[in-house]
Amino acid sequence: MKNWYLGIALFLLAAHSAGAQETAPSLPSVPATAPTGSVTLWNGHDLSGWTAFFKGGAPAPADFWSANNGVLQLAGKPTGYIRTNQVFSNYHLHSEWRWPEAAKKGINNSGVFVDQRPPDVVWPYSVQVNLKVGAVGDLIAQGGLTFGTNPLTAPKLAPANEKPEGEWNGCDIFCRGSSIEVFVNGVRQNFVDKLPAHSGQIALQIEGYKVEFRNVWLQQL
């Protein structure tokens with residue numbers, strides 16, 4: 001009888017594992033070419049479709065960004081972000097980022113905002129997917145948005161797995177209705193549900209450190 005129960009338990013565990021594999025998302029490699037039918041957010045050469053906002057409404061300096069071989073280079077100052085003009089919901093967002101150099105002071109820091117709503121402020125109503133070294137995959141509630149039981153921060157689920165300065169990382173964010181699921185370099189790092197925001201703009205954060213992005217696109221789910 002004991003062996004019979006053990007067999008049933010193993011069978012159910014195997015069935016559960018198989019189901020989990022079937023529902024696991026298909027993640028692109030790095031570098032990732034935008035799939036057919038996807039929306040390319042960064043076109044590789046200018047900020048068409050994006051709006052820059054800086055702390056206090058400061059004007060955008062001419063040198064806060066540059067482009068080189070399809071790479072968006074953000075100088076890191078002044079503090080603010082660039083956001084899409086378009087609103088999105090129910091999507092898989094892929095972006096790749098790297099730190100071109102070690103931080104001269106402090107720790108390299110940036111982020112990706114999803115479900116962002118007006119007005120433009122530092123920091124806006126949104127969920128930040130943290131890209132800060134050592135904390136990549138943490139989710140931060142901003143601008144009055146909360147997560148509920150842990151209102152401001154949802155810590156990453158696995159040990160830090162970002163790559164060293166100079167190497168490219170992949171971040172895949174799945175926004176499905178009221179949930180957000182985050183994968184960093186193929187590892188599931190976060191999941192939150194029952195969010196009050198189901199759609200919004202997407203933004204790339206500028207927070208004092210040089211950072212580069214490429215292959216920023218999304219697929220509707």
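## A walk through a strand-rich model

Asn185 lies in the loop between strand 12 and strand 13 (187–192). Let's start from this loop and work outwards, keeping in mind that everything here describes a predicted model. Asn185 has a positive phi of about 50 degrees, although it is not a glycine. At 24% relative accessibility, the residue counts as partly exposed, because the partly exposed class runs from 20% to 50%.

Asn185 has a counterpart elsewhere in the chain to look at alongside it. Asn90 sits in the loop between strand 5 and strand 6, and its phi is near 50 degrees, again a positive value in a residue other than glycine. With a relative accessible area of 33%, Asn90 is partly exposed.

**The overall picture**

Now step back and take in the whole chain. The protein has 221 residues, and 41% of them count as buried. Its secondary structure comes to one helix and 15 strands. About 10900 Å² of the protein is exposed, with carbon and sulfur atoms supplying 56% of that area. Sequence distance is worth a look too: among contacts between residues at least 6 apart in sequence, 68% join residues at least 24 apart.

**The sheet**

In what order do the strands of the seven-stranded open sheet run? The order is 2-5-14-7-8-9-10, and the pairing is antiparallel. Strand 2 (50–54) and strand 10 (153–154) stand at the edges with a single partner strand each, so one side of each has no neighbour in the sheet. As background, strands of a sheet pair through backbone hydrogen bonds, either parallel or antiparallel.

For a detailed example, pick out strand 7 (residues 111–117) and strand 8 (residues 125–130), which pair in the antiparallel sense over five bridges. If you find Gly111 in the structure, you will see Asn130 of strand 8 standing opposite.

Just before strand 7 comes another residue to visit. Ile107 is found in the loop between strand 6 (91–98) and strand 7, where it is partly exposed with a relative accessible area of 42%. Leaving aside neighbours within four places in sequence, Ile107 is in contact with Lys132, Val133 and Tyr209. Take Val133 from that group: Ile107 and Val133 are 26 residues apart along the chain, yet their C-alpha atoms are separated by 6.4 Å.

**Two cis prolines**

Two loops hold a peptide bond in the cis form. One such bond joins Val30 and Pro31, with omega about 0 degrees. Pro31 belongs to the loop between helix 1 (2–23) and strand 1 (39–40). Another cis bond joins Lys77 and Pro78, and here omega is about -5 degrees. Pro78 lies in the loop between strand 4 (71–74) and strand 5 (80–84).

**Salt bridges**

How many salt bridges does the structure hold? There are six, and the table shows some of them, including a pair on either side of the Asn185 loop.

| Salt bridge | N to O distance |
|---|---|
| Arg214 and Glu96 | 2.7 Å |
| Arg176 and Glu181 | 3.0 Å |
| Glu181 and Arg188 | 2.6 Å |

Begin with Arg214 and Glu96, whose closest N and O atoms are 2.7 Å apart. This pair links distant parts of the chain, with Arg214 in strand 15 (residues 211–220) and Glu96 in strand 6, 118 residues apart. Both Arg214 and Glu96 are buried.

Glu181 brings us back to where we began, as it is found in strand 12 (residues 179–184). Is Glu181 buried or exposed? Its relative accessible area is 10%, so it counts as buried, the limit for that class being under 20%. Its two salt-bridge partners have higher values: Arg176 is partly exposed at 34%, and Arg188 is partly exposed at 38%. Salt bridges that share partners join Arg176, Glu181 and Arg188 into one network. The side chains of Glu181 and Arg188 are also joined by a polar contact of 2.6 Å.

What else does Glu181 touch? Beyond its neighbours within four places in sequence, its contacts include Asp172, Ile173, Phe174, Asn190 and Phe191, and the two arginines of the network, Arg176 and Arg188, are among them as well.

Key:
Residues numbered from 1 in each chain as written. Predicted model: local features only at pLDDT ≥ 70, side-chain atom pairs only at ≥ 80, totals over all residues. Heavy atoms only, no water. Pairing = 2+ DSSP bridges. Helix = DSSP H or I, 4+ residues; strand = E, 2+ residues; numbered from the N terminus. Buried < 20%, exposed > 50% of the residue type's maximum accessible area, 1.4 Å probe, protein only. Contact = heavy atoms within 4.5 Å. Areas by Shrake-Rupley, 256 points an atom, 1.4 Å probe, with all protein chains shown as cover. Polar contact = N/O pair within 3.5 Å; in protein donor to acceptor, adjacent residues only side chain to side chain. Salt bridge = Lys/Arg side-chain N within 4 Å of Asp/Glu carboxyl O.
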